[in-house]
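Work through three short exercises on a protein chain. Try each task before reading its solution.

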Amino acid sequence: MSLPQKLQKTMAIASGGALRSGRRWLGAGLKGLVELIYPPSCIACRAATDQAQGLCAACWSGIGFIERPFCERLGTPFEVDLGAGLVSPAAIADPPVFARARAACRFDGTARELVHRLKYGDRLELALMLGRMMAQAGHELTAECDLVVPVPLHRFRLWTRRFNQASALAQVVARQSGLPCEHQALTRVKRTKQQVGLTRAQRGENLQGAFKVPPAMRPRLEGRRVLLVDDVLTTGATANAAARALLRGGATAVDMLSFARVVTEG
């Protein structure tokens with residue numbers, strides 16, 4: 001390479017480095033300007049925070065995180081640590097269709113407010129933080145699963161809500177875990193009643209035959225362990241119905257991951 005060519009190459013490298021550096025400075029400047037005009041605030045209560053997409057100290061303390069000891073099947077917390085690998089009486093008396101369930105926190109306080117804002121308040125941006133919390137809580141599940149599948153909405157309900165919160169959360173969990181996300185692997189073929197106010201038996205009856213794996217998606221499920229994702233786990237009726245359909249569609253096992261779950265004391 002001649003001297004002029006070497007000089008030209010050196011100048012090109014220096015120019016590229018300067019351009020990248022300039023872009024970083026510009027990006028940092030724009031970010032600072034945006035934060036000056038729109039200061040970061042708590043995603044739950046809107047109080048001032050030190051960074052965007054975060055929670056203030058009060059709202060963070062209002063989340064009842066679920067940690068061990070808990071039932072290895074249902075993920076419900078125990079009040080006393082009696083050793084590893086324990087299963088609750090509820091899981092023994094009425095074993096779920098899914099293999100294991102995990103949730104980041106209890107469905108109360110700040111967690112309830114966040115779910116309601118995501119689900120009914122068109123706050124789709126909340127899925128990012130909630131999904132990251134779910135990925136952390138379900139790390140032992142994602143380590144053994146092959147793909148992520150969200151609990152689907154019926155097309156009429158999807159039309160009224162405009163988006164499926166479970167799909168938004170599943171996308172974040174999949175990205176955080178490095179797993180593929182199959183949004184079309186499970187469909188809701190039955191327009192069910194609202195589950196709120198129904199007993200456990202009524203919920204099960206309401207969801208009978210509600211889910212189906214499309215024939216074209218069976219090759220994606222066969223021989224795979226599936227991580228089923230939803231925003232809230234209540235009685236487990238929806239999770240059981242969806243897990244049953246996935247198993248019939250060829251999945252070898254189904255684990256359940258939600259942001260929050262209802263915990264009945266005692």
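The exercises below deal with a predicted model.

**Exercise 1.** Find which residues of helix α4 are buried, and work out where they sit around the axis.

Solution. Start with the length. Helix α4 covers residues 109-120, twelve residues in total. At 1.5 Å a residue, the span should be 16 Å, and the end C-alpha atoms are 17 Å apart, which agrees. Next, list the buried residues: T110, A111, L114, V115, L118 and K119. They cover an arc of only 160 degrees around the axis, so they lie on the same side of α4. An α-helix has 3.6 residues a turn, so residues three or four places apart point the same way.

**Exercise 2.** Determine which salt-bridge partners R102 has, and how far each is in sequence.

Solution. Take E72 and R102: their closest N and O atoms are 3.1 Å apart, a salt bridge. E72 lies in the loop between α2 and α3 and R102 in strand β1, so the pair ties together parts 30 residues apart in sequence. Now take E140: its salt bridge with R102 has closest N and O atoms 2.7 Å apart. E140 is in helix α6, 38 residues from R102. Finally, join them up: R68, E72, R102 and E140 form a network of salt bridges.

**Exercise 3.** R188 is buried; what is its nearest side chain of opposite charge, and which backbone oxygen lies 3.1 Å from its side chain?

Solution. Locate R188 in strand β3. The nearest side chain of opposite charge is D230, 6.5 Å away, and R188 has no salt bridge. Then check the backbone: the oxygen of P152 lies 3.1 Å from a polar atom of the R188 side chain. P152 is also one of the residues that R188 touches.

How values were computed
Residues are numbered from 1 along each chain as its sequence is written. This is a predicted model: local features need pLDDT of at least 70, side-chain atom pairs count only at pLDDT 80 or more; totals for chains, interfaces and linings use all residues. Side-chain values use heavy atoms; hydrogens and water are left out. Helices (H or I, at least four residues) and strands (E, at least two) are DSSP runs, numbered from the N terminus. Buried means under 20% relative accessible area, exposed over 50%, partly exposed in between (1.4 Å probe, protein chains only). Lys and Arg count as positive and Asp and Glu as negative; His and the chain ends are not counted. A salt bridge is a side-chain nitrogen of Lys or Arg within 4 Å of a carboxyl oxygen of Asp or Glu. A polar contact is a pair of N or O atoms within 3.5 Å; within protein, one must be able to donate a hydrogen and the other to accept it, and residues adjacent in sequence count only if both atoms are side-chain atoms. Contact means heavy atoms within 4.5 Å. The expected span of a helix is 1.5 Å times one less than its number of residues. The arc is that of the directions from the helix axis to the C-beta atoms.
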